[in-house]
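Reader: I should like to request a close look at a single part of this model. Please treat it in one connected account, and place it beside other features where that helps.

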Amino acid sequence: MKFIVSSSALLKQLQLLQGVLASSNTLPILDNFLFEIESKKLTVTASDLETTVTATMAVEAKDKGMVAIPARLLLDTLKAFPEQPLTFTIDNKHHGVEISSEQGKYKMTGFNGAEFPRSPQLEDPNSIVIPAGVLATAINKTLFATGNDDLRPVMSGIFVELNENDVRFVATDAHKLVRYTRTDVSSDKPASFIVPKKPLNLLKSTLSTTNAEVTLAYNENNASFTFDNIVLVCRLIDGKYPNYEAVIPKQNPNKLTIDRQTFLSTVRRVAIFSNKTTHQVRLHINGSQLAVSAEDLDYANEANEKLACSYEGEEITIGFNSRFLMDMLNNLEGDTVILEMSAPNRAGILLPGEGGEHGEDVLMLVMPVMLNN
């Protein structure tokens, strides 16, 4: 089997796929890329059994066949080449791989491609089409709020809820929550499922380079994302997602409106002086003044700053974990943000101050921390 391919084009595709490779695989064959040639088309696959990504590209080839090539060795080799055509010659019997370039020849040991696990085929799936930009924004806005607790796997992914009027993406780790809604995308068939973090991270980096439409197909166990020349198939997280709507307080009479960047900079400075375990910052709001303070009693460190703001409601003192607050302020867009509160022991709600993208609705929730008076 023999084919000719551009070194930089192949490297670009393999760099998209390398995010799937696990550092330690149960099956040694998964440390390889699967190369399949058929009718002048090269299909490269990488998998860790939970997530499989396939990229297709045109090449010059006469035969058809398959081989598994060591991923790290091939990536390192391609990175060292300037742009040029490379000829791959594969010994079908012993799976040896020879790469010929303008400079010379390079040989490596490949493996039998038939041993590589097949990508799962989705049986009678439902599907929905989402613009790449919308999906990328939804992942960016929610992924940071997912949990890392192995005991609660359902919280380690993003909950996707398809409705007849909108599509929702929800992430929470029980301390913070993000609900991202798009009213410009909808599904004929209501459905919901939980997508794990790893495939979403891969999509996040890949979708930023395309303007394509993404076809999201799903059944009970798997989901696939197809766009351009790429197909990503992943196993869904099994389990029931918590009732996130029950956590969002509906009555929030205290409403603070403030410049987002100024608020973020203040929290960032003051947080340096907070307790290193709780990362607690205290907000005291009265009239048109917001006082942000933090202290670390163990080291007698303390910081206070005062900011002008617009506020409707009663005087309130509330504490938040500064890391969660900064994460949210970083992930909201717009010049101003609104912080809605009901009581010092109830969750605070962060909203963008002015309308974001058309059809977009973002709500972020952060749980307060107990103030040590």
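What is the volume of the largest pocket, and which residues that line the largest pocket are the closest to its centre?

Author: The model is a predicted one, and the account below should be read accordingly. The largest pocket has a volume of about 340 Å³. Its lining is made up of 17 residues, and those closest to the centre are Ser 192, Phe 193, Ile 237, Asp 238 and Gly 239. Two elements, β12 and β15, give two or more residues to this lining. The largest contribution comes from β15, with three residues. By character, the lining of the largest pocket divides into eight nonpolar, four polar and five charged residues.

The two strands just named are also paired with each other. Strand β12 spans residues 157–162 and runs antiparallel to β15, to which six bridges join it. Within this pairing, Ile 158 stands opposite Val 195 of β15. Strand β15 itself, residues 191–196, is mostly covered, since five of its six residues fall under the 20% limit of relative accessible area that defines a buried residue.

For comparison, the second largest pocket has a volume of about 250 Å³. It is lined by 15 residues, of which Thr 45, Thr 54, Arg 118, Ser 119 and Gln 121 are the closest to its centre. Strands β2 (32–38), β3 (41–47) and β18 (230–235) each supply at least two residues of that lining. Here the division is seven nonpolar, six polar and two charged.

Charged side chains deserve a separate word. Side chains of opposite charge can pair when their charged atoms come close. The count for this model comes to 14 salt bridges. One of them joins Asp 173 and Lys 176, at 2.8 Å from N to O. Asp 173 is buried, with a relative accessible area of 14%, and Lys 176 is likewise buried, at 5%. Arg 182 and Asp 184 also meet in a salt bridge, at 2.8 Å from N to O. In that pair Arg 182 is buried, with a relative accessible area of 2%, whereas Asp 184 is partly exposed, at 40%. A further salt bridge links Lys 105 with Glu 98, the closest N and O atoms being 3.8 Å apart; Lys 105 is exposed, with a relative accessible area of 59%. In addition, Arg 168, Arg 179, Glu 245 and Lys 250 are linked in a network of salt bridges.

Terms used:
Residues numbered from 1 in each chain as written. Predicted model: local features only at pLDDT ≥ 70, side-chain atom pairs only at ≥ 80, totals over all residues. Heavy atoms only, no water. Salt bridge = Lys/Arg side-chain N within 4 Å of Asp/Glu carboxyl O. Buried < 20%, exposed > 50% of the residue type's maximum accessible area, 1.4 Å probe, protein only. Helix = DSSP H or I, 4+ residues; strand = E, 2+ residues; numbered from the N terminus. Pairing = 2+ DSSP bridges. 1 Å grid on protein atoms, 1.4 Å probe; cavity = no way out; pocket = protein on both sides within 12 Å on 5 of 7 lines; lining within 4 Å. Points joined across faces, edges and corners; volume = space filled by probe spheres on them. Nonpolar A, V, L, I, M, F, W, Y, C, P; charged D, E, K, R; others polar.
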